[in-house]
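Trainee: I would like a close look at a single part of this structure, the surroundings of one polar contact between side chains. Please take me through it and then through what lies in the rest of the model.

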Amino acid sequence: MVRGKFITFEGGEGAGKSTQARLLAERLISRGHKVERTREPGGTSGAEALRAMLVQGGTDRWSPMSEALLMYAARRDHIERVIAPSLAGGQWVVCDRFADSTRAYQGAGGGVDPAFIDALEQGVLGETVPDLTLIFDLPVEIGLERASVRDGEAQGRFEAKGLEFHQALRAEFLAIAKAHPERCVVIDAAQDIDAVHAKVWATVAERLVP
Ligand code: TMP
């Protein structure tokens, strides 16, 4: 069995990742691929329960270190039960956020030591590293505005963290892309949905479709 491909979508708030992950999954399916579309934190019943605890409540409900540990507990369950078996069974996995989000949100945004995040990555991910990571980039003010129109009163803990936090995330995602050009491609998420999808598809086709 040929292993499936693992594609992750990363970036700040309101970048349109979820819509684009769905459009990519639909296009891959129409090309005859088997696709598991999933998200983090989440993707299993245990990880979705952790997600509810992580995204709801006051901004100081958890310290950034506690968040990193909970994110990694959720991630391990997701890898064991969904991502690794799907890839081994030949399915493509399209995942809305993954390990780079912990590096950006808890590391650059929250101040958790990058060496500690390295250790979590090495100990928890194993071979489950994305084949391709699409980093959705757009000005922070535009992303937060889009997210607030989308979520209204239901704004999450991370959206509420303030402009400086979100600017640190944006810079970190761009730094990750620069450090890992073999895996990461930056997508200009300020364009309209069709233009972004065209860029996503062109990137996937160029990098992953034989
Ligand atoms: P979403 O809004 O993109 O679905 O993601 C849920 C929130 O969780 C989002 O505000 C980013 C945050 N998050 C982290 O802080 N660290 C992580 O490792 C992940 C996967 C998400």
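Mentor: In this predicted model, the side chains of Arg 183 and Asp 100 are joined by a polar contact of 2.8 Å. Arg 183 sits in the loop that runs between α7 (163–179) and β5. Its relative accessibility is 11%, so Arg 183 counts as buried, the cut-off being under 20%. Apart from neighbours within four places in sequence, Arg 183 is in contact with Asp 100 and also with Val 129, Pro 130, Asp 131, Leu 132 and Thr 133. Ile 176 and Arg 207 complete that set of contacts.

Some of the elements around this loop also take part in the largest nonpolar core, which has 22 residues. Ile 7, Phe 9, Leu 24, Leu 134, Phe 136 and Val 200 have the most contacts inside that core. At least two core residues come from each of β1 (6–11), α1 (17–30), β3 (92–96), β4 (132–137), β5 (184–188) and α8 (193–207). Leu 24 shows how such a residue is surrounded: leaving out residues up to four places away in sequence, Leu 24 touches Ile 7, Phe 9 and Val 94, together with His 197, Val 200, Trp 201 and Val 204. There is also a second, separate core of 16 residues, with Met 71, Ala 104, Tyr 105 and Ile 135 among them.

α7, the helix before the Arg 183 loop, has a part in the lining of the largest cavity as well. A search of the whole structure finds one cavity of 30 Å³ or more, and the largest cavity holds about 140 Å³ of space. Its lining consists of 15 residues, and Gly 12, Glu 13, Leu 138, Val 140 and Arg 170 lie nearest the centre. β4, α6 (140–151) and α7 each supply at least two lining residues, with the largest share, four residues, coming from α7. By class, eight lining residues are nonpolar, four are polar and three are charged.

The loop between α6 and α7 holds Ala 160. In contrast to Arg 183, which is buried at 11% relative accessibility, Ala 160 counts as partly exposed at 38%. Ala 160 touches Thr 59 and Gln 155 when residues up to four places away in sequence are not counted. Thr 59 is 101 residues from Ala 160 along the chain, yet the C-alpha atoms of the two are separated by 6.9 Å.

Methods: Residues are numbered from 1 along each chain as its sequence is written. This is a predicted model: local features need pLDDT of at least 70, side-chain atom pairs count only at pLDDT 80 or more; totals for chains, interfaces and linings use all residues. Side-chain values use heavy atoms; hydrogens and water are left out. A nonpolar core is a set of buried Ala, Val, Leu, Ile, Met, Phe, Trp, Tyr and Cys residues joined through side-chain atoms within 4.5 Å. Buried means under 20% relative accessible area, exposed over 50%, partly exposed in between (1.4 Å probe, protein chains only). Contact means heavy atoms within 4.5 Å. A polar contact is a pair of N or O atoms within 3.5 Å; within protein, one must be able to donate a hydrogen and the other to accept it, and residues adjacent in sequence count only if both atoms are side-chain atoms. On a 1 Å grid over the protein atoms alone, a cavity is a set of points where a 1.4 Å probe fits but cannot get out, and a pocket is an open set with protein on both sides within 12 Å along at least five of seven lines; lining residues have an atom within 4 Å of a point. Grid points are joined across faces, edges and corners, and a volume is the space filled by probe spheres set on the points. Ala, Val, Leu, Ile, Met, Phe, Trp, Tyr, Cys and Pro count as nonpolar, Asp, Glu, Lys and Arg as charged, and the others, Gly among them, as polar.
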